[in-house]
Amino acid sequence: MKQKFGYLASAKHAEIGERELPELAPNEVLVKQLTCNICTTDYQHWMGLREHQGYPMAGGHEGSGVVEAVGSDVKNIKVGDHVAVNGYVGCALCEACLQGRYSDCVNKPKDRPRTADGYLGSFGFATYAIHKEINMVKMSPDLDPAEAGYLEPVATVCRGMRKLRLEPQETVVVIGAGTMGLVNAQVARTHAARVIVSEIMPKKIETAKAMGFEVIDCNKVDPVEEAMRLTGGVGVDCVIVAVGATKANEQAVQMLKKNDGRVLLFAAGYPVPEIPVDSNVVHYRRIELLGTFGADAQDFAKAAKLLNTRAIDVSKIIEPKRFKLDDFQAAMEAASTPGMYRVCVELN
Ligand SMILES: [Zn+2]
Ligand SMILES: [Zn+2]
């Protein structure tokens, strides 16, 4: 079985390769991959911003497909199942992994492993790929494959939501209506909370509105004043910062209610953002500054349910123009254009 795949040969150079797939091991499945969305990490690598991670990089982790064959020991996945990938499963043997806390796995390799023929990555942008059964999550066959590819981003948001402990009577502001800001807003809404999205780019403001969110248009109003006005001068219960920027962190703290407000720091930023708040303010106002990163077993399970039952809708954060695998270079160019939502690469 041959695998045709997209990979990054060097900065700004996406290439198409072909290689023979090995025989299936007993615990593996062969997946005919339908689509893979280009994650921020993928296009930043293409742009040359992640050179330290190395080349050739056959990345891509926001894909989905249909199972074509299963190894002799595979029990829970069968031919014809629609699946997406949970690439966060660790060694599956240590205490943390057994509890589903993959991010705490003690046996994670320090360096990304390379294939025998020298590639990094998990071949997300490939026509066919071999995955371990434990990395497979069943997705609804009715779901657009590009939406099923949202499994991992949604899982990371579910991880953050566990920390945020959002309740139905609460108001949350999501700063930033990029892809992850709007996934956060969608998942926040499933907690029955009032969700307000703050954004400056017109395209993203329109998308947030089309999703039915209250929107603070930062071109027209000061976001802190507007959050105060929208809450009758009280301030908001919590803020999800989905932009890695000092200014956003500052606004988040300023728009909180007087006591017991919570800030979830969802996004990293480069240059590294700061949180300009003095610790007396955190102390007296009992503010919670919460961090989140990654996702665990329960988060992937919840993310699959949210997508499969259509409790959340990610269709508006997939760019309408989709690319064929042969146009991988053009797809990377499109994805790295500022203001884009997920760009989908069609693989089969
Ligand atoms: Zn991703
Ligand atoms: Zn482990």
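## Two domains, two zincs: worked exercises

Domain 1 and domain 2 of this predicted model share three residue pairs in polar contact, both partners being at pLDDT 80 or more. Let's work outward from there.

**Exercise 1. Work out what the domain 1 side of the contact is made of, by class.**

Solution. Sort the residues of domain 1 that touch domain 2: you get four nonpolar, one polar and three charged residues. Now look for a salt bridge: the count between the two domains is one. Its partners are the side chains of Lys203 and Glu319, with N to O at 2.7 Å. That sits inside the 4 Å cut-off for a salt bridge.

**Exercise 2. Find where the domains lie along the chain, and how much area they bury between them.**

Solution. Start with the bounds: domain 1 comes in two pieces, 2–150 and 314–346, while domain 2 covers 157–291. Their C-alpha centres are 30 Å apart. Next, the contact: domain 1 puts in eight residues and domain 2 puts in 12. Finally, the area: about 900 Å² is buried between them, with 64% of it on carbon and sulfur atoms.

**Exercise 3. Decide whether the site of the zinc ion (ligand 2) is tetrahedral or irregular.**

Solution. List the protein donors: the SG atoms of Cys91, Cys94, Cys97 and Cys105, lying 2.4 Å from the zinc. Along the chain they read C-x2-C-x2-C-x7-C. Then check the angles: they run from 102 to 117°, and tetrahedral needs all of them between 85 and 135 degrees. So ligand 2 has a tetrahedral site.

**Exercise 4. Do the same for the zinc ion (ligand 1): which residues coordinate it, and why is the arrangement called irregular?**

Solution. The donors here are Cys39 (SG), His61 (NE2), Glu62 (OE) and Glu152 (OE), at 2.1 to 2.8 Å. Their spacing is C-x21-H-E-x89-E. As for the geometry, the arrangement is irregular because the angles among the four donor atoms span 84 to 166°.

How values were computed. Residues numbered from 1 in each chain as written. Chains lettered and ligands numbered in written order. Predicted model: local features only at pLDDT ≥ 70, side-chain atom pairs only at ≥ 80, totals over all residues. Heavy atoms only, no water. Domains from an automatic or database assignment. Contact = heavy atoms within 4.5 Å. Buried area = accessible area lost by both parts, 1.4 Å probe. Polar contact = N/O pair within 3.5 Å; in protein donor to acceptor, adjacent residues only side chain to side chain. Nonpolar A, V, L, I, M, F, W, Y, C, P; charged D, E, K, R; others polar. Donors = N, O, S within 2.8 Å, 3.2 Å for Na, K, Ca; no water. Tetrahedral: all angles 85-135°; square planar, octahedral: opposite > 155°, others 65-115°.
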